[in-house]
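Open the model in your viewer and keep the selection tool ready. Each stop below names what to pick and what to look for.

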Amino acid sequence: MIKRIDKLLIELPRPKHGDPKAARVVQELLGGKYGEMSTLNNYMFQSFNFRNKNKLRPFYDLVASITAEEFGHVELVSNTINLCLEGTTSPGDPDSTPLREGAKGNTYHFIATAQTSLPGDSMGRPWTGDNVFNSGNLVLDLLHNFFLECGARTHKMRVYEMTDNPVAREMIGYLLVRGGVHILAYAKALEMATGVDLTKMLPIPDLDNKKFDHARKYEEQGIHTRLYTFSDTDYREVTKIWKGNHPLDGSPLQVYEGTPKGAPIPDLPDLPEEFAPGISQEDFLEIAKRLQQAGNIS
């Protein structure tokens, strides 16, 4: 079971204007081959299908706890896309072409989802379960996860360089730090399983986040050293893997039971020009009345 908390991992800045081009490239970090939907589903199915949990508990705990964090990454990237699209259009008569700006980005954002994220990549292709790798062989799956995280980091670095949108960069800066944690975690797991020190292969690519303004502050907070269990009581044996010091700055690695503090999830306003959510003031008053009556009954 997954315990859901109504917060984002970090606070995202509210944009001053819409940026459909930024939303389009960030979409790759959600539904692309190396996007957060891929990391989530790879680790999720590997954790569901994990064999010999009792004998190999530290490795299972690692994959399971990272799975829970990846759910939060999917949520964070989705909200980033939503905020990048906010303010792109404005209400108007249909004949005034109020959605004209939608043609400058991913048209699916304006035609299919009312200016919100979608489960696909930057070219509009839908995410597919073919992106999931679950061989059942522990070392092979860990090696794949290490490679997947390296690929995901590369894509984040490139998208960071494609847009200067402050919302997109805030999100990418944080995920560059957290992705680095996962790269190192899988490297340490492989060393524990095989005796081979994969940290000597790092950086693949460069793990140093100091060159990214929006990542530096998260490293200064020590977030690059933390692995969260995302559980109040379980997955504690991850401490047998996530230990020692960070290879770049020597800071001690720490396991935190539970979740990060979190931040508010943005409340998206009405978009009359998109007929979303399609609830008028009169409808709202009627709904409020019915909810009040239901509360009195209970």
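**Charges first**

Colour the charged side chains: the chain carries 33 positive and 39 negative ones, and the centres of the two sets lie 6 Å apart. Bear in mind throughout that this is a predicted model.

**The whole chain**

Switch to cartoon. You should find 9 helices and 2 strands. Trace the chain along its sequence and the pattern reads α-α-α-α-α-α-α-α-β-β-α.

Now turn the C-alpha trace. Along its principal axes it spans about 65 × 50 × 35 Å. The radius of gyration is 21 Å, which agrees with the value near 19 Å for a compact globule of 298 residues.

Show the surface next. The accessible area of the chain is about 15400 Å², and carbon and sulfur atoms hold 53% of it. Of the 298 residues, 50% are buried. Then consider contacts between residues at least 6 apart in sequence: 79% of them join residues at least 24 apart.

**Salt bridges**

Side chains of opposite charge can pair when their charged atoms come close. The count here comes to 14 salt bridges. Three stops follow.

Select R4 and E75. They form a salt bridge, with the closest N and O atoms 3.4 Å apart. This pair ties together distant parts of the chain: R4 sits in the segment before α1 (20-26), E75 in helix α4 (residues 57-85), and 71 residues separate them. Which of the two partners is buried and which exposed? R4 is exposed, because its relative accessibility of 61% is over the 50% cut-off. E75 is buried, because its 14% is under 20%.

Stay on helix α4 and select D61 with R57. Their side chains meet in a salt bridge at 3.2 Å, N to O. The two are 4 residues apart in this helix, so about one helical turn separates them. D61 is buried, with a relative accessible area of 1%. R57 is partly exposed, at 25%.

Move on to R125 and D121. This salt bridge measures 2.9 Å, N to O. R125 counts as exposed at 51% relative accessibility. D121 is buried, at 7%.

**A buried histidine**

Select H109, in helix α5 (residues 108-111). Buried or exposed? H109 is buried, because its relative accessibility is 0%. Show what surrounds it. Leaving aside neighbours within four places in sequence, H109 is in contact with A23, R24, Q27, I81, L85, A114, Q115, T116 and L118.

Keep A114 from that list. Its phi is positive, at about 55 degrees, although A114 is not a glycine. A114 lies in the loop between α5 and α6 (138-162). With a relative accessible area of 21%, A114 is partly exposed.

**Another positive phi**

Select T97, in the loop between α4 and α5. Phi of T97 is near 55 degrees, a positive value in a residue other than glycine. T97 is partly exposed, with a relative accessible area of 38%.

**A loop before the strands**

Go to I223. Look for it in the loop between α8 (213-220) and β1 (226-228). I223 counts as buried, with 7% relative accessibility. What does I223 touch, not counting residues up to four places away in sequence? The residues are Y174, V177, R178, V181 and Y218.

Now add D164 and draw a distance. I223 and D164 are 23 Å apart in space, C-alpha to C-alpha, and 59 residues apart in sequence.

**Last stop: a cis peptide**

Select A276 and P277. A cis peptide bond joins them, with omega about 5 degrees. Where does P277 sit? P277 is in the loop between β2 (254-256) and α9 (281-297).

Methods:
Residues are numbered from 1 along each chain as its sequence is written. This is a predicted model: local features need pLDDT of at least 70, side-chain atom pairs count only at pLDDT 80 or more; totals for chains, interfaces and linings use all residues. Side-chain values use heavy atoms; hydrogens and water are left out. The radius of gyration is taken over C-alpha atoms; the globule rule is 2.2 Å times the number of residues to the power 0.38. Buried means under 20% relative accessible area, exposed over 50%, partly exposed in between (1.4 Å probe, protein chains only). Contact means heavy atoms within 4.5 Å. Accessible areas come from the Shrake-Rupley method with a 1.4 Å probe; for residues, only the protein chains shown count as cover. Lys and Arg count as positive and Asp and Glu as negative; His and the chain ends are not counted. The place of a charge is taken as NZ of Lys, CZ of Arg, CG of Asp or CD of Glu. A salt bridge is a side-chain nitrogen of Lys or Arg within 4 Å of a carboxyl oxygen of Asp or Glu.
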